[in-house]
Amino acid sequence: MPTVSFLTAEGEFLPSESAEEFVPYLDRLSEDDYRRFYRDMAVMRRFDTEAANLQRQGQLALWVPSHGQEAAQVGSAYAARPQDHIFPSYREHVVGMIRGLDVVDILRLLRGATMGGWKPEEHGNFHLYTLVLAAQTLHATGYAMGMQFDGQTATGNPDTDEAVIVYFGDGASSQGDANEALVFAASYQTPQVFFLQNNHWAISVPVSRQSRTPLYQRASGFGIPGTQIDGNDVLASFAVTAKSLDDARAGRGPALIEALTYRIGAHTTADDPTKYRDAEDLAYWVARDPIIRFRRYLTDLGVGGDFFTSVDEEAADFASDVRRRALEIRGPGRSVIFDNVYAEPHPLIEEQKAWLDRYEASFEGEEA
Amino acid sequence: MSEATPSAQNVHNLPMAKAITAGLRQAMIDDPKVLLMGEDIGPLGGVFRVTEGLFAEFGPRRVLDTPLAESGIVGTAIGLALRGYRPVCEIQFDGFVFPAFDQITTQLSRMRNRHEGGVIMPVVIRIPYGGHIGSIEHHQESPEAYFAHTPGLRVVSPSNSHDAYWMMQDAIASDDPVIFLEPKSRYWPKGEVHFGQNGIALHASRVVHPGKDVTVVGHGAMVSVLLQAAGIAAGEGIGVEVVDLRSLSPLDFGPILDSVQKTGRLVVAQEASGFASVGSEIAATIAEKAFYSLEAPVLRVSGFDTPFPPAAVETHFLPSPDRVLEAVDRVLAY
């Protein structure tokens, strides 16, 4: 099955043959939605740059760029309905934003102020980042099993029936947990979409080391449908995810989407991609940039230059606001070491907390 | 199952395996969010028949025969707990918990902490553990130290049927993840279960045999070995006080300290290897907190720091009443 795409790299609307069955899903989108897609992708890219700068200036321990993957993330995020649950990996910043998360909360995690950062139930069911690769795929599957047991899915009402989307990557696809999650999902026919962003690199190791077969083809081995999409085409990402999620919520079981995209930046700010990949490879993908192509498409639709100018201004304002508020993030008090390890009383933890309080108090009145 | 139906005045003589079945059943009756998950736990009732009858009574939505993947079992249990369920996972044998070790230690144990207290993680991991059953590799192990060392987990192990019945229900009712270690060599000896009366908290240790000369402590199957040793010692005029730990994390040092302050001597016994073990922790803590009460160094009687051996030589590996009494003699020599 050829890759599903609607937009060419030049931004021309030329659906692939494989895209035909997904065309009706584009009817759900208005021009306002298109503008929103563009705006979110552009704002997120500017945010990404700002966050990397903050790390370089010593204000974040680490940054995890999403540059290049904006279309895969924005399209799939808009395909989810409010009642759906999102289990991210750790690079899906714009998905969080679309679900109502203040992205500064992500920076709390990367500034070392928290191990989590937000309450999923207050931010569009966007669950916490998971740093052990693929561990979240099983949590997502278990959560989707719970939806089934609760009878909150497959009732025939797409406005209330729930589904889960879980994000992972080409590197994580090699993990046992990803494969076990696919086994469980197929076995229980969970209402769940596995959204695999194939950004071609697991830090320094190319996807060819992870798989000899296109990753979407693995789905058939688990007995679930797999679809490969042009992950830099926001319309393909939206339409295919919308269909897969709605199939899932209607009781037609799980699906896997492989979004072909590219990590334009480093894995994290601790990485140096010039050591392991060549400029030609990068240039090939830069020419397929998801934002530039969508801008061309919108321009062809008649969206004027003032819209793009206003988005650029909004992105700059957004970034400076993020910078200001990131610098205001303060660490929690030391009691956070102890407070949430257990839900119920634990004498050892209480003893150690009291000891630390006494120890710290013993320095009171001394010169700093 | 009818013999295990609880009522306030009921006292039944049950093997521990069936006491656990009764505890699971009662928890499932009390709370519809309680689910059982594991390999072969459905129509078969588990390889030790601990879930026998529960699939027939509660159906496949409450008793899940899962795919054969331990990380998958625990990982999906975490998702179910996030959804509001209280999953009880059966790991088929001690040596098979390690495929789930990552989910237990990096996810389950930390999920509440990561959420800044915003979620609870009421997941019970049942693990039949320990030797004395003459089985093959990975079927006789005692992995408790790994879990006791992991912040965020609770670790308990009953030594008798009554405790097993109540501790299972208490573990399921806990809002924290509990590693529930079932001493498989004690599955079949019968003991009284008082259905109407628990009488002791999940994480309390307790004296199960009084004595004035030496304190010995242990958990799970080791408790019956310690009681045998105490009986032999009594015949020789030596009073051995036996403390059943019941909980390994948190550890209830109160009854151990009280006992050591009386006897001045402590022997810690366990099937697990001794190096960096629960026994080591007890020895260190008692040396710190009861230094002036001690008349002798704290001694450990443990499995050796080797893999669990072939069954033909397991009696040389496992602490026996005689091995315990050898240590008792040594502490009395001071």
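In which helix of chain A does Ala283(A) lie? Select residues 279-286 of chain A: this is helix H11, and Ala283(A) is in it. Keep in mind that the model on the screen is predicted.

**Stop 1: Ala283(A)**

Is Ala283(A) buried or exposed? Ala283(A) counts as exposed because it has 9 C-beta neighbours inside 10 Å, and a residue with 12 or fewer is classed that way. Now add Gln55(A) to the selection. Ala283(A) and Gln55(A) are separated by 228 residues in sequence, and their C-alpha atoms are 25 Å apart in space.

**Stop 2: where chain A touches chain B**

Show both chains. Their contact is made by 32 residues from chain A and 33 residues from chain B. On chain A, select helix H6 (135-150), helix H7 (176-188) and helix H15 (347-361); each supplies at least two residues of the side that touches chain B. H6(A) gives the most to this side, with 10 residues. Colour the side of chain A that touches chain B by class, and there are 17 nonpolar, 10 polar and 5 charged residues.

**Stop 3: the two domains of chain B**

Hide chain A. In chain B, select 12-194 for domain 1 and 206-332 for domain 2, as the domain assignment gives them. The C-alpha centres of these two domains of chain B lie 26 Å apart. Their contact takes 23 residues from domain 1 and 21 residues from domain 2.

Next, pick out helix H6 (144-148), strand S6 (154-156) and strand S7 (178-183) of chain B. Each supplies at least two residues of the side of domain 1 that touches domain 2. By class, that side of domain 1 of chain B holds 8 nonpolar, 10 polar and 5 charged residues.

How values were computed. Residues numbered from 1 in each chain as written. Chains lettered and ligands numbered in written order. Predicted model: local features only at pLDDT ≥ 70, side-chain atom pairs only at ≥ 80, totals over all residues. Contact = placed C-beta atoms within 7 Å. Helix = DSSP H or I, 4+ residues; strand = E, 2+ residues; numbered from the N terminus. Nonpolar A, V, L, I, M, F, W, Y, C, P; charged D, E, K, R; others polar. Buried ≥ 20, exposed ≤ 12 C-beta atoms within 10 Å, placed from the backbone. Domains from an automatic or database assignment.
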